[in-house]
Amino acid sequence: MGVSGTLEYLSDIMSSAKKGKKRKQLNTVSLKVRMDCEGCQLKVKNALSSLKGVKSVDVDLKQQKVTVTGFVEAKKVLKKAQSTGKKAEPWPYVPYSLIAHPYVAQVYDKKAPPGFVRATDDTAIVTLSAVEEQYTTMFSDENPNACSIV
């Protein structure tokens with residue numbers, strides 16, 4: 001970093017100190033919004049697009065998913081989505097492959113989109129125990145020393 005880089009850095013620090021505002025980070029906020037028709041979809045998209053700092057709004061009517069990208073806060077996006085009169089909540093699903101036990105009652109959801117299950121903080125469900133790990137790797141195709149009875 002030369003002299004010009006140092007001057008730019010100091011200039012950025014001084015200019016942000018004068019404004020007294022924090023710079024917002026680019027965020028991607030995903031919500032589950034109950035939408036029945038294209039009219040609902042348009043209403044939600046227009047409401048979220050009107051938020052300051054929003055760069056893009058993607059609405060998936062089939063999955064009931066709205067993804068907002070921009071310099072926004074998740075709470076403000078959720079509040080704005082709820083102001084449309086639609087039931088909205090943070091996106092509760094994670095990909096199926098991230099959960100060790102996807103058919104446990106706490107994470108399995110019949111209403112989840114294909115390939116997704118509910119997110120959970122329970123470490124017993126999310127990760128495999130040492131014994132389970134041994135058994136799954138024993139019969140894995142990726143393990144060259146795996147059992148080949150077939």
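Lys and Arg count as positive, and Asp and Glu as negative. In this predicted model, Arg34, Lys87, Lys110 and Lys111 gather on the surface in a patch of positive charge. One member of the patch, Arg34, is found in the loop that runs between strand S1 (27-33) and helix H2 (38-49). Arg34 has a relative accessibility of 55%, and therefore counts as exposed, because the term exposed applies over 50%.

The patch can now be placed in the chain as a whole. The chain has five helices and six strands. Read along the sequence, these elements follow the pattern α-β-α-β-β-α-β-β-β-α-α. There are 150 residues in the chain, and buried residues make up 25% of them.

Near the start of the pattern comes helix H1 (residues 3-19), where Leu10 is found. Leu10 has a relative accessible area of 44% and so is partly exposed, since that label covers values between the limits for buried and exposed. Together with Tyr9 and Ile13, Leu10 forms a nonpolar patch on the surface. The accessible area of Tyr9, Leu10 and Ile13 together is about 290 Å². The surface thus offers two kinds of patch to look at: one of positive charge, with Arg34 among its members, and one that is nonpolar, with Leu10 among its members.

The next stop is strand S2, which holds Val59. With a relative accessible area of 18%, Val59 is buried, because buried means under 20%. Val59 and Gln41 are 18 residues apart along the chain, and their C-alpha atoms are separated by 6.9 Å.

The loop between strand S2 (54-60) and strand S3 (65-70) contains Gln64. Phi of Gln64 is near 60°, which is a positive value in a residue other than glycine. Is Gln64 buried or exposed? At 19% relative accessibility, Gln64 counts as buried.

Further along, Pro90 has its place in strand S4. Pro90 counts as partly exposed, with a relative accessibility of 48%. The C-alpha atom of Pro90 is separated by 9.7 Å from that of Val77, and these two residues are 13 residues apart along the chain.

The last topic is the aromatic rings. A pair of aromatic rings is described by the distance of the centres and the angle of the planes. Rings pair if their centres lie within 6.5 Å, and planes over 60 degrees apart count as edge-to-face. By this rule the count in the model is two aromatic pairs. One of them is formed by Trp91 and Tyr93, with 5.1 Å from centre to centre and 80° between the planes, and this pair is edge-to-face. Trp91 counts as buried at 15% relative accessibility, and Tyr93 is buried with a relative accessible area of 6%.

Trp91 also pairs with Phe116: the ring centres are 6.2 Å apart and the planes stand at 85°, so this pair is edge-to-face. Which parts of the chain does the pair of Trp91 and Phe116 tie together? Trp91 lies in the loop between strand S4 (88-90) and strand S5 (93-95), while Phe116 lies in strand S6 (residues 116-118), so the pair ties together parts that are 25 residues apart in sequence. Phe116 counts as partly exposed, because its relative accessibility is 23%. Trp91, Tyr93 and Phe116 form one aromatic cluster.

Terms used
Residues numbered from 1 in each chain as written. Predicted model: local features only at pLDDT ≥ 70, side-chain atom pairs only at ≥ 80, totals over all residues. Heavy atoms only, no water. Patch = residues over 30% accessible without salt bridge, like charges linked within 9 Å, V, L, I, M, F, W, Y side chains within 5 Å. Areas by Shrake-Rupley, 256 points an atom, 1.4 Å probe, with all protein chains shown as cover. Salt bridge = Lys/Arg side-chain N within 4 Å of Asp/Glu carboxyl O. Charge placed at Lys NZ, Arg CZ, Asp CG, Glu CD. Helix = DSSP H or I, 4+ residues; strand = E, 2+ residues; numbered from the N terminus. Buried < 20%, exposed > 50% of the residue type's maximum accessible area, 1.4 Å probe, protein only. Phe/Tyr/Trp six-rings, centres within 6.5 Å; stacked < 30°, edge-to-face > 60°.
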